[in-house]
Amino acid sequence: MLVFCDIFSFKVLVFACLSAFLPKSLGNEGAVSFTQKNIDHTLASNELVFINFYAEWCRFSNMLAPIFEEAAHKVHTAFPEVGTVVMGKVDCDKEGAVASRFHITKYPTLKVIRNGQPTKREYRGQRSVEAFEQFVRKQLQDPIKEFYDLKELSNLDDKKRMIIGYFDRKDVPEYQMFRRVATNLKDDCQFHVGFGDASKAMHPPGQPIVVFRSDKALSNDEDETYQGSLKNFDELNIWAQEKCVPLVREITFENAEELTEEGLPFLILFHAPDDVESVKKYKDVVTKTLIDEKQNINFLTADGLKFAHPLHHLGKSTSDLPLIAIDSFRHMYLFPNFQDIYVEGKLKAFIHDLYSGKLHREFHYGSNTPSNNDLPQLTGHVKVPTTPPESTFKKLAPSKNRYTLLRDEL
């Protein structure tokens, strides 16, 4: 039995019904059919590629097809320049290798490729011709803001991470590499650039410089200069990605879905909106003592006022901020005392207690309980009728009912 996604909008349904009367193709300007043979060349030679991964047997893939096709036609008309943007489609039954390569787990899936590299975020916006066209236009906007005087850099939002380029001219290969990196990472960093007189005080003539500036509200670090080659895209991109994508991220209602989709438990600091000091302390401890856990858990901060509901599940309120909790996507567990984050090894032990199952056992049997292997041997042990608070963040994850799942998952 197939599991289907929520019904789109009435407009989408009507469009799907009328699609039987539309031509099968809107010509060469519609969505390009990608195969294992032609996809790599297209990805490598275009700034933006927007792909619809579909299956013919999927009802909602068929509903989306004519909408995506018309949007592709309009996008091609609006951006006819070669190398700018291509909207394409992949029949995942016929092109299983391509689907596997992009980790497709549901139909239809819409992915964005910038400069040959998949973005972290799938497209999850409205599925209409207008929304697709607007999305592509936004993606193609220049990601770099130009400054004309160094004084302007003092007035930037110091709560944002940013990468700043100092160049003689725009028509140099180093700037083209800088722009490609900015296009890839514009959702994670601000990018600024100055040319000629606006930046000559910051770099030797003929030697452009790129620097990273951290969020000054949480760090007193000086600008960090990139030491590699500005003509090597991969080298510059890797450096910028490490700087722009922080070890500790902020969870919001806008990015919660993509964070939950990563599948890692959350270690979350809930804080008051103006409590910069607690955020700084938390980031400092995570960076210094927990970096080796980054493959196993997501380190996050959350506005305790916006996310008051999880606090309620933990039996806490905004008056108890700041506090730290783990959300395993099954249950939530509270770190006993925020001030203990500076007690050596205590926060790491809290995480390891999740992995070992100790946190779960203690909720059922109380503290100082033996391991799971010893529990059956206990005599006269009465189970305490307590249950860990249920996860609230799993409810923000992508619902399986929003899509048609892969055949082998049904």
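This note goes through two sheets and the helices that pack on them.

1. The model is predicted, so local features are taken only at pLDDT of at least 70 and side-chain atom pairs only at pLDDT 80 or more, while totals for chains, interfaces and linings use all residues. Residues are numbered from 1 along each chain as its sequence is written, and side-chain values use heavy atoms, with hydrogens and water left out.

2. One open sheet has five strands in the order E1-E3-E2-E5-E6, with mixed pairing; strands are DSSP runs of E with at least two residues, helices are runs of H or I with at least four, and both are numbered from the N terminus. Two strands pair if DSSP finds at least two bridges between them. The edge strands, each pairing on one side only, are E1 (32-33) and E6 (117-118). E1 and E3 run parallel and are joined by two bridges, and Ser 33 stands opposite Lys 89 in E3.

3. Helix H3 packs on this sheet, touching E2, E3 and E5, and its direction makes about 160° with that of E3. H5 also touches E2, E3 and E5, at about 145° to the direction of E2. Contact means heavy atoms within 4.5 Å; axes are lines fitted to C-alpha atoms, for helices over the stretch in contact, and angles run from 0 to 180 degrees between N-to-C directions.

4. H3 (residues 59-78) and H5 (residues 129-139) pack at an angle of about 40°, with their axes 8 Å apart. The two helices are therefore oblique to each other, a class left over once angles under 35 degrees (roughly parallel), over 145 (roughly antiparallel) and 65 to 115 (roughly perpendicular) are set aside. Among the residues that meet are Leu 64, Phe 68 and Glu 70 in H3 and Phe 132, Glu 133 and Arg 137 in H5.

5. The buried residues of H5 (buried meaning under 20% relative accessible area, with a 1.4 Å probe and protein chains only) are Val 129, Ala 131, Phe 132, Glu 133, Phe 135, Val 136 and Gln 139. These buried residues pack against E2 (48-54), H3, E3 (85-91) and E5 (109-114).

6. Another open sheet of five strands follows the order E12-E14-E13-E15-E16, again with mixed pairing. E13 (residues 266-271) and E15 (residues 323-327) run antiparallel and are joined by five bridges, and Leu 269 has Ile 324 in E15 as its bridge partner. H9 (residues 276-289) packs on the sheet, touching E12, E13, E14 (298-303) and E15, whereas H11 (residues 346-356) lies across E13, E14, E15 and E16 at about 25° to E15.

Notes. Buried < 20%, exposed > 50% of the residue type's maximum accessible area, 1.4 Å probe, protein only.
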